[in-house]
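Got the structure open in your viewer? Let's walk through it one selection at a time.

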Amino acid sequence: MPKKVFVSGCFDMLHSGHVAFFKEAAKYGDLYVGIGSDKTVRDLKGRETINSEEERKYMIEALKYVKKAMVNTGSGHMDFVKELTDLKPDIFVVNEDGDSPDKVALCKKVGVEYIVLKRIPEEGLPVRSTTSIRNICSIPYRIDLAGGWLDQPYVSKFCPGWVLTVSIEPTIEFNERSGMATSTRKRAVKLWHHALPLEKAEKIAEILFSVENKPGVKEISGAQDAFGIAMPGLCRHYYNNGYWPEKIESVHEEEILSWLESVIWFKTLWPRPEGYDVFVGSEINAVKARALAIATEACWNAIVACDVDAFGKAFTASFDAQIAMFPAMRPQTIAQVIDEMKSGIKGYKLSGAGGGGYLIMISDKPVENAFQIKIRRKGKE
């Protein structure tokens, strides 16, 4: 008898990339497809589906590679657990940006083989993703490379310093609550719909910051999200006991940006849990704030020099300095993932305020089951 093969995903706006994935997965046996419900898509992606769950089920079951499709009854990142448990497949297949530690752990627990496929299009066809098709919206995301928290006066009052951000093209549809400035980006989409306006980047950042922090809000969001989205290339902004930076500097040299793209790798973890409180157990003082500022300066110098060893070391040091102030950023579940990954890479940190999201790694060699990003170049602001 053929083996049972299970895959799971949202599969909104069915396209050739999905079909290629199904075709490849079906080579291992009879293919069963778990489909994220409309609610799951809203929770994870922060948007409505293009096609309803029943439409997606109908279209997927019509494909010759698929034996059966079902709408997952769970929620969130692991919405398929009941379906996988009931089906008892021999193999669970994911693509490389769908790979995550909790999926691996689940398969080990229930005795299911786990296979990760690379995104390879059908011969003669372009690479397709739901994000690329929806990409009439070119509003970027951002990476907090180093110095995050120094954009808050309650940290920079102890020691001023830079925050490093990179504006990235929306080639990946990042999960909500993942530390990729998704909430700020949603405000930008609401303001400008499909693309950032043809204004100076600093003005765009100022508008975004103002919209996100309306009069009367109790907790002021840091300006790094607005700057990370608005400023193309690699940017650093300097904070000194204030919400708005005193200095702003950017790097747009193609050699540096291309090198930076080549050494940054992302591994999917899970969305930050609801009710997550990063401030539990926090301890902020001058020594710890200074350590973060020093590590961030070292990151900048290493990037400009295209020195991967120095960058990896400083990148990890910046994360360690954040953890020293906010230990809840790195719960034990994530610490275990880092321990498994860190031996083969130069450096690592979590996206945003941690607690979930993505593990960002520095390596001059390919990292297994990890994906890369595209930095937004000057001229698109």
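Start with Leu-63 and whatever surrounds it: setting aside residues within four places in sequence, Leu-63 is in contact with Leu-14, Val-19 and Phe-22. You'll find Leu-63 in the loop between H3 and S3. Add Lys-23 to the selection: Leu-63 and Lys-23 are 40 residues apart in sequence, yet their C-alpha atoms are 9.5 Å apart in space. Keep in mind throughout that this is a predicted model.

**Around the loop to Met-13**

Next, pick Met-13, in the loop between S1 and helix H1 (16–26). Check its backbone: phi of Met-13 is near 50°, a positive value in a residue that is not glycine. That deserves a look, since most residues other than glycine have a negative phi. Is Met-13 buried or exposed? Met-13 has 18% relative accessibility, so it counts as buried, the cut-off being under 20%.

**The open sheet**

Now show the strands as a cartoon and select S1 to S5. These five strands form an open sheet with parallel pairing, in the order S3-S2-S1-S4-S5. Its edges are S3 (66–71) and S5, each of which pairs on one side only. On average, neighbouring strands here are turned by 25° against each other, ignoring direction.

Begin at the S3 edge. Strand S2 (residues 30–35) pairs with S3 in the parallel sense over five bridges. To see one place where they face each other, select Gly-34, which stands opposite Met-70 in S3. Then bring in helix H3 (residues 53–61), which lies across S2 and S3 and runs at about 170° to S3.

**Strand S4**

Move along to S4 (residues 91–95). Why call this strand largely enclosed by the rest of the structure? Five of the five residues in S4 are buried, so the rest of the structure largely encloses it. Colour the strand by face: Ile-91, Val-93 and Asn-95 are on one side, Phe-92 and Val-94 on the other, and all are buried. This is the pattern to look for, as side chains in a regular strand alternate between the two faces of the sheet.

Turn to the neighbours of S4. With strand S1 (residues 4–9), S4 pairs in the parallel sense over two bridges, and Phe-6 stands opposite Phe-92. With strand S5 (residues 113–117), S4 pairs in the parallel sense over five bridges; there, Val-94 has Val-116 as its bridge partner. Add helix H5 (residues 101–110) to trace the connection: S4, H5 and S5 make a right-handed β-α-β unit.

Before leaving S4, step back to Lys-88, in the loop between helix H4 (81–87) and S4. Phi of Lys-88 is near 55°, another positive value in a residue other than glycine. At 63% relative accessibility, Lys-88 counts as exposed.

**Asn-369**

Val-116 leads to the next stop. Select Asn-369, in the segment after strand S12 (358–362). Which residues is Asn-369 in contact with, leaving aside its neighbours within four places in sequence? They are Glu-96, Asp-99, Val-116 and Lys-267. Asn-369 is buried, with a relative accessible area of 19%.

**S11, S12 and Ser-178**

Follow the chain back to S12 and show its partner, strand S11 (residues 347–350). S11 and S12 pair in the antiparallel sense over four bridges, and Leu-350 stands opposite Leu-359. Both faces of S11 are covered: Gly-347 and Lys-349 on one side, Tyr-348 and Leu-350 on the other, are all buried.

Now select Ser-178, in the loop between strand S7 (161–168) and helix H8 (182–192). Not counting residues up to four places away in sequence, Ser-178 touches Arg-272, Ser-351, Gly-357 and Tyr-358. With a relative accessible area of 1%, Ser-178 is buried. Zoom in on its side chain, which reaches the backbone oxygen of Asn-175 at 2.5 Å.

**Last stop: H12**

Finish with helix H12 (residues 286–304). Its 19 residues reach 27 Å from the first C-alpha to the last, close to the 27 Å expected at 1.5 Å a residue. At the start of H12, look for a side-chain oxygen of Asn-285 reaching to within 3.2 Å of the backbone nitrogen of Val-287. Then colour the buried residues of H12, among them Leu-292, Ala-295, Thr-296, Cys-299 and Ile-303. Residues three or four places apart in an α-helix point the same way, because there are 3.6 residues a turn. After H12 comes Cys-306, with a positive phi near 55°.

Note on methods: Residues numbered from 1 in each chain as written. Predicted model: local features only at pLDDT ≥ 70, side-chain atom pairs only at ≥ 80, totals over all residues. Heavy atoms only, no water. Buried < 20%, exposed > 50% of the residue type's maximum accessible area, 1.4 Å probe, protein only. Pairing = 2+ DSSP bridges. Right-handed = clockwise from strand over helix to strand, strands pointing away. Axes fitted to C-alpha atoms, helices over the stretch in contact; angles between N-to-C directions. Contact = heavy atoms within 4.5 Å. Expected span 1.5 Å × (residues − 1). Polar contact = N/O pair within 3.5 Å; in protein donor to acceptor, adjacent residues only side chain to side chain.
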